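Got your viewer open and a selection box ready? Here is a walk through the model, one stop at a time.

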Amino acid sequence: MKILVCISNVPDTTSKINFTADNKEFDKNGVQFVINPWDEYALTRAIELKEAKGGTVTVLNVGEADTEPNIRKALAIGADDAIRVNANPKDAFFVAQQITAVAKENNYDMILMGKESIDYNGSQVHNMVGEMLGIPSIVPAFKLDLVDDSTAVLEREIEGGKEVVEVKLPFIASAQQPMSEPRIPNMRGIMTARTKPLAVREPVGAEVKADYVNFSKPEKKGGVKMIDPENAGELISLLRNEAKVL
């Protein structure tokens, strides 16, 4: 079984976020980047399936050379090899086309990724790839098991409950908690990751469908006003006239 896991390179959640002077680009200076946490669920589950059923796990990242430390981390966690498409991930459509091109060349049985990236939260790539490849797209899933070599069963949340889906391979799915428990690479994994194959390929031509006009930070929270618990009228007035939530 051949599994492709797509990972994004995203800012650590503790990083201080800034933008360039014209607010048109994210300022990377001083920012620590990590594997997208949602992608780690997909990666760990893929490795678990490989360990149980056999096969290979390939990691794919669309990014420039500065993403390679986190690609190597994915290899240290347990992936067998990696591919980096040497391009700035401009928008979801561009990324989806790069993933599709790689998938068509290698005929993977399963393509996994996180339900979204924690920076842009677009949650678009998996469905685009499924449409481009003409395969089922199950998103997002919190459980994934193999019935046999040709069938998988996934569970996903729906309004008011959960849905169990049986699907034939190949398919694409996005992962969310608690599909797996992300792993921390051990010393042996870190050492072996240095020699695992990491292929770099140039991007296929793709039209960029979206452009970012500008970025801005959320407005700072205002001060807290303390209201006497006996003065409900003042609280209602503030909620209606100042906060404007009533």
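Select Lys244 to begin: this residue is in the segment after H6 (helices are DSSP runs of H or I with at least four residues, strands are runs of E with at least two, both numbered from the N terminus). Lys244 has a positive phi, near 55 degrees, in a residue other than glycine. Its relative accessible area is 62%, so Lys244 is exposed (exposed means over 50% relative accessible area, buried under 20%, partly exposed in between, with a 1.4 Å probe and protein chains only).

A word on ground rules. This is a predicted model, where local features need pLDDT of at least 70 and side-chain atom pairs count only at pLDDT 80 or more, while totals for chains, interfaces and linings use all residues. Residues are numbered from 1 along each chain as its sequence is written, and side-chain values use heavy atoms, with hydrogens and water left out.

Next, pick Asn107, in the loop between helix H3 (92–106) and strand S6 (110–114). Asn107 is not a glycine either, yet its phi is positive, about 50 degrees. With a relative accessible area of 57%, Asn107 is exposed.

Now zoom out. You should count six helices and twelve strands. The C-alpha atoms fill a box of roughly 65 × 45 × 40 Å along the principal axes, and buried residues make up 40% of the 246 residues.

Select helix H2 (residues 68–77): Asn70, Ile71, Ala74, Leu75, Ala76 and Ile77 are buried there. Just after H2 comes Gly78, with a positive phi of about 150 degrees.

On to His126, in helix H4 (residues 125–133). Is His126 buried or exposed? Its relative accessible area is 2%, so His126 is buried. Show what surrounds this side chain: beyond neighbours within four places in sequence, the contacts of His126 include Met113, Lys115, Val139 and Ile172 (contact means heavy atoms within 4.5 Å).

Time for the rings. Rings of Phe, Tyr and Trp (its six-membered ring) pair if their centres lie within 6.5 Å; planes under 30 degrees apart are stacked, over 60 edge-to-face, and the rest tilted. That rule gives six aromatic pairs. Select Phe19 and Phe215: the centres are 5.1 Å apart and the planes at 10 degrees, so this pair is stacked. Phe19 sits in the loop between strand S2 (9–11) and strand S3 (33–35), and Phe215 in the loop between strand S12 (198–201) and helix H6 (232–241), so the pair ties together parts 196 residues apart in sequence. Phe215 counts as buried, at 16% relative accessibility. Add Tyr120 and Tyr212 to the selection, and you have one aromatic cluster with Phe19 and Phe215.

Move to helix H1 (residues 37–53), where Trp38 and Tyr41 are three residues apart, about one turn of the helix. Their rings form a tilted pair, 5.8 Å centre to centre with 40 degrees between the planes. Keep Trp38 selected and add Lys115, whose charged end sits over the Trp38 ring, 4.5 Å from its centre (the test is NZ of Lys or CZ of Arg within 6 Å of the ring centre and within 35 degrees of the ring normal). Lys90 does likewise over the ring of Phe94, 5.5 Å from its centre.

Last stop, two prolines. Pro170, in the loop between strand S10 (161–168) and strand S11 (171–175), follows a cis peptide bond from Leu169, with omega near 0 degrees. Pro178 lies in the loop between S11 and helix H5 (187–193), and a cis bond with omega about 5 degrees joins Gln177 and Pro178.
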